[in-house]
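Hi,

Here is the structure I promised to pass on. Have a look at it first, and my notes follow underneath.

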Amino acid sequence: MFVVDTGDLRTLRFDSPRGAVQSALRKSDPLAVPTSYVRVATAGLALTQGRSRVLVVGLGGGAFPRLLHRCLPRTRVDVVELNPVVVEVARRYFHVHEDERLHIQLGDAAHFMEERGPLYDLILLDAFAGEGTPEHLKETLFLEAVRRRLLPGGVAVLNIALEDPAKVAWRVRTFAGCFEDCAMLRGASEYINLLLVGTQEPLPPEPQFRRQLSQLAREMGFPALTRSVVSFARALES
């Protein structure tokens with residue numbers, strides 16, 4: 001695990017100082033969100049019916065939890081992280097601070113999902129080791145457990161990156177098959193990231209989604225959110 005400073009940008013990388021960027025922070029402005037996929041993941045909230053509680057699987061540098069903690073003061077954010085070193089690095093170098101609205105739990109996400117516990121408006125699946133997403137977090141059994149932990153009208157968001165291109169279609173089909181409907185979202189610059197949003201009801205038409213995204217941006221006081229998603233499409237389930 002490497003924390004790499006390049007000018008004003010601090011990044012978290014696994015396996016090598018030149019490895020894929022797991023998270024990023026601007027040292028001069030820790031509240032900025034330089035990582036495009038984090039903004040795209042936040043857009044998943046435009047498809048939820050509530051904002052009360054969010055679960056993040058995989059802490060990294062904590063960019064997504066910090067953004068929600070700052071912009072949605074009535075939202076509780078829970079994080080499940082397997083590696084205690086990741087938690088220590090996020091606290092020490094990436095301004096992640098727990099309080100009554102931000103809580104981090106150490107453990108395996110698969111075990112967490114099977115336990116009795118709170119339900120969530122949004123669950124972000126963003127767990128990565130150096131080689132990509134752990135295999136047991138890609139399977140239908142895990143994704144079905146994720147759906148059971150959603151509140152009515154809640155959504156699950158999956159970040160696909162560091163994946164063999166030949167397997168991306170399989171991951172899309174597997175994820176989409178566990179939900180009523182599924183959107184594919186991409187950001188403006190980081191085309192290696194594909195964000196999937198699994199919903200419990202049919203997706204709205206894209207113009208309605210854009211209106212809901214604009215409303216969410218106003219609610220969060222985060223105007224950059226309206227420019228975060230450049231591609232919105234329904235995932236194929238066959």
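Lys-138 is a good place to begin: leaving out neighbours within four places in sequence, this lysine is in contact with Thr-133, Leu-143, Glu-163, Trp-170, Arg-171 and Thr-174. Keep in mind that this is a predicted model. Lys-138 sits in the loop between strand E7 (120-125) and helix H5 (140-148). Is that lysine buried or exposed? With a relative accessible area of 7%, Lys-138 is buried, since the cut-off for that label is under 20%.

Stepping back to the whole chain, the secondary structure comes to seven helices and 11 strands. The C-alpha trace spans about 45 × 35 × 35 Å along its principal axes. For 238 residues, a compact globule would have a radius of gyration near 18 Å, and the 16 Å found here agrees with that. Of the 238 residues, 53% count as buried. Among contacts between residues at least 6 apart in sequence, 66% join residues at least 24 apart.

On the outside, the accessible surface comes to about 10900 Å², and carbon and sulfur atoms account for 52% of it. As for charge, there are 29 positive and 28 negative side chains, with the centres of the two sets 5 Å apart.

Now the interior. In soluble globular proteins, nonpolar side chains tend to be buried together. Here the largest nonpolar core has 49 residues, and Phe-64, Leu-185, Phe-209 and Met-220 are the ones that touch the most other members. There is also a second, separate core of 29 residues, which includes Phe-112, Ala-145, Ala-156 and Cys-182.

What does Leu-185 touch, not counting residues up to four places away in sequence? Its partners are Val-40, Leu-194, Leu-195, Val-197, Phe-209, Val-229, Ser-231 and Phe-232. Phe-209 thus turns up both in that set and among the residues with the most core partners.

Phe-64, another of those core residues, belongs to helix H2. Eight of the nine residues of H2 (residues 63-71) are buried, so this helix is largely enclosed by the rest of the structure. The buried ones are Ala-63, Phe-64, Pro-65, Arg-66, Leu-67, Leu-68, His-69 and Cys-71. Note that Arg-66 and His-69 are on that list.

Leu-213 is in helix H7 (residues 206-220), and at 1% relative accessibility this leucine counts as buried. Setting aside residues up to four places away in sequence, Leu-213 touches Ala-43, Ala-46, Leu-225, Thr-226 and Val-229. Val-229 is also one of the residues in contact with Leu-185. How far apart are Leu-213 and Gly-19 in space? C-alpha to C-alpha, they are 32 Å apart, with their positions 194 residues apart in sequence.

A few loop residues are worth a look as well:

- Gln-49 lies in the loop between H1 and strand E4 (53-57) and is exposed, with a relative accessible area of 58%. Leaving aside residues up to four places away in sequence, Gln-49 touches Pro-152, Gly-153 and Glu-201. The C-alpha atoms of Gln-49 and Val-155 are separated by 9.0 Å, although the two residues are 106 apart along the chain.
- Pro-34 is in the loop between strand E3 (21-26) and helix H1 (36-42). This proline is partly exposed, at a relative accessible area of 24%. The C-alpha atoms of Pro-34 and Leu-9 are 8.7 Å apart, and the residues are 25 apart along the chain.

Finally, two backbone angles to check when you open the model. Asp-15, in the loop between strand E2 (9-13) and E3, has a phi near 75°, a positive value in a residue other than glycine. At 60% relative accessibility, Asp-15 counts as exposed. His-95 has a positive phi too, of about 60°, and is not a glycine either. His-95 lies in the loop between helix H3 (84-93) and strand E6 (102-106), where this histidine is partly exposed, with a relative accessible area of 41%.

Cheers

Key. Residues numbered from 1 in each chain as written. Predicted model: local features only at pLDDT ≥ 70, side-chain atom pairs only at ≥ 80, totals over all residues. Heavy atoms only, no water. Helix = DSSP H or I, 4+ residues; strand = E, 2+ residues; numbered from the N terminus. Rg over C-alpha atoms; globule rule 2.2 N^0.38 Å. Buried < 20%, exposed > 50% of the residue type's maximum accessible area, 1.4 Å probe, protein only. Contact = heavy atoms within 4.5 Å. Areas by Shrake-Rupley, 256 points an atom, 1.4 Å probe, with all protein chains shown as cover. Lys, Arg positive; Asp, Glu negative; His and termini not counted. Charge placed at Lys NZ, Arg CZ, Asp CG, Glu CD. Core = buried A, V, L, I, M, F, W, Y, C linked by side-chain atoms within 4.5 Å.
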